[in-house]
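Q: I've got a model open and I'd like to learn how to read it feature by feature. Where do we begin?

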Amino acid sequence: MTARMAEIQTRMVALATGNAVGSTTATSSSSSAATATTKTSGTAFASALADAVAATDGTAATAGAKKAGGSHTVNSKGVPTELAAYGNGKIPANALEKVAGTNHKLWAPAAQSLTNMLAAAKRDGVTIGITDSYRSYDEQVDVARRKGLYSQGGLAAKPGTSDHGWGMAVDLDLNSKAQAWMRKHGKEYGFEEDTPREPWHWGFKP
């Protein structure tokens, strides 16, 4: 972006200089010629500036798309570095995003991808529901109390270790058709069925 702005400034200076030279030359010939030259130079300047700004906007849009697309640095445990600093179950609201049309929240890139995936499934005539998403640490404690620890035959991860606590896992309401669709297309959107005994649990892998 900085380089692009510098290029725009360079073009502006060059065009402004050319405009001044053209005006001086035209004045020595006739006032009507000067007016024509000024209009032509002004039009060229405006056109070049518009092109440069449009190109800059396109560059910015591309950068934004790449960020949303999911190229993220992760630590040795597969947790995005931007989340690891907060702690499991302690992700701030501004790092989470609602899945469109629901009250469920995930880490923003995961929420965006899930929104796209649900829309794609709908286009294929498949309905996918959501039963659980991000869990705070306190919510993880409650789930472990009610459902038991996975390591002991239950269905909950040890509080502070769940992928739900990173906003990177979702529990889906799937019938057989939806389950088959997810197994075929889930990875296209970054979601994997990654927990034995829990076919409803899908983790987001950036």
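A: Let's begin with one residue's exposure. R183 counts as exposed because its relative accessibility is 53%, and the cut-off for that label is over 50%. Keep in mind that this is a predicted model.

Q: Where does R183 sit, and which residues is it in contact with beyond its neighbours within four places in sequence?

A: R183 is found in helix α6. Leaving aside those sequence neighbours, R183 is in contact with E193, P199 and W202. For E193, you can add a distance: R183 and E193 are 10 residues apart in sequence, and their C-alpha atoms are 7.5 Å apart in space.

Q: Let's zoom out. How many helices and strands are there in the protein chain, and what pattern do they follow along the sequence?

A: The protein chain has 6 helices and 6 strands. Read along the sequence, the pattern is α-α-α-β-β-α-β-α-β-α-β-β. As for burial, 34% of the 206 residues are buried. For contacts, take the pairs at least 6 apart in sequence: 60% of them join residues at least 24 apart.

Q: How do I work out which strands go together?

A: Follow the bridges from strand to strand. Strand β3 (residues 129-132) pairs with β4 in the antiparallel sense over 3 bridges, and the bridge partner of I130 in β4 is L172. Next, β4 is joined to β6 by 3 bridges, again antiparallel. Here V170 stands opposite W202 in β6, while D171 has H201 as its bridge partner in β6. Finally, strand β5 (residues 191-193) pairs with β6 over 3 bridges in the antiparallel sense, with E193 standing opposite W202.

Q: Are β4 and β6 covered or open?

A: β4 is mostly covered, with 4 of its 5 residues buried. For β6, check each side: H201 and G203 on one side are buried, and so are W202 and F204 on the other, so both faces are covered.

Q: What should I look for in a nonpolar core?

A: In soluble globular proteins, nonpolar side chains tend to be buried together. Here the largest nonpolar core has 31 residues, and the members that touch the most others are L83, L114, I128, L172, W181, M182 and F191. The elements giving two or more residues to this core are β2 (105-107), α4 (108-123), β4 (169-173), α6 (176-185) and β6 (201-204). α4 gives the most, with 7 residues.

Q: Could you show me the surroundings of one core member?

A: Try F191. Apart from neighbours within four places in sequence, F191 is in contact with A110, S113, L114, M117, V170, M182, G186, W202, G203 and F204.

Q: What about a loop residue such as G89: is it buried or exposed?

A: G89 lies in the loop between α3 (81-84) and β1 (96-98). G89 is buried because its relative accessible area is 9%, and the cut-off is under 20%. Not counting residues up to four places away in sequence, G89 touches Y134, R135, S136, Y137, Q140 and G165. G89 and Y137 are 48 residues apart in sequence, yet 4.2 Å apart in space, C-alpha to C-alpha.

Q: Q140 is on that list. Why does Q140 count as buried?

A: Q140 counts as buried because its relative accessibility is 2%. Q140 is found in helix α5 (residues 137-147). Beyond neighbours within four places in sequence, its contacts are N88, G89, R135, K158, P159, G160, T161, S162 and G165.

Q: Last topic: how do I read pockets?

A: Rolling a probe the size of a water molecule over the atoms shows where empty space is left. The largest pocket in this model holds about 270 Å³ of space. Of its 17 lining residues, L155, A156, A157, E198 and H201 are the closest to its centre. The lining divides into 6 nonpolar, 4 polar and 7 charged residues.

Q: And the second largest pocket: what is its volume, and which residues line it?

A: Its volume is about 190 Å³. The second largest pocket is lined by V74, K77, G78, V79, D163, W166, M168, F204, K205 and P206. That lining divides into 6 nonpolar, 1 polar and 3 charged residues.

Terms used
Residues are numbered from 1 along each chain as its sequence is written. This is a predicted model: local features need pLDDT of at least 70, side-chain atom pairs count only at pLDDT 80 or more; totals for chains, interfaces and linings use all residues. Side-chain values use heavy atoms; hydrogens and water are left out. On a 1 Å grid over the protein atoms alone, a cavity is a set of points where a 1.4 Å probe fits but cannot get out, and a pocket is an open set with protein on both sides within 12 Å along at least five of seven lines; lining residues have an atom within 4 Å of a point. Grid points are joined across faces, edges and corners, and a volume is the space filled by probe spheres set on the points. Ala, Val, Leu, Ile, Met, Phe, Trp, Tyr, Cys and Pro count as nonpolar, Asp, Glu, Lys and Arg as charged, and the others, Gly among them, as polar. A nonpolar core is a set of buried Ala, Val, Leu, Ile, Met, Phe, Trp, Tyr and Cys residues joined through side-chain atoms within 4.5 Å. Buried means under 20% relative accessible area, exposed over 50%, partly exposed in between (1.4 Å probe, protein chains only). Contact means heavy atoms within 4.5 Å. Two strands pair if DSSP finds at least two bridges between them.
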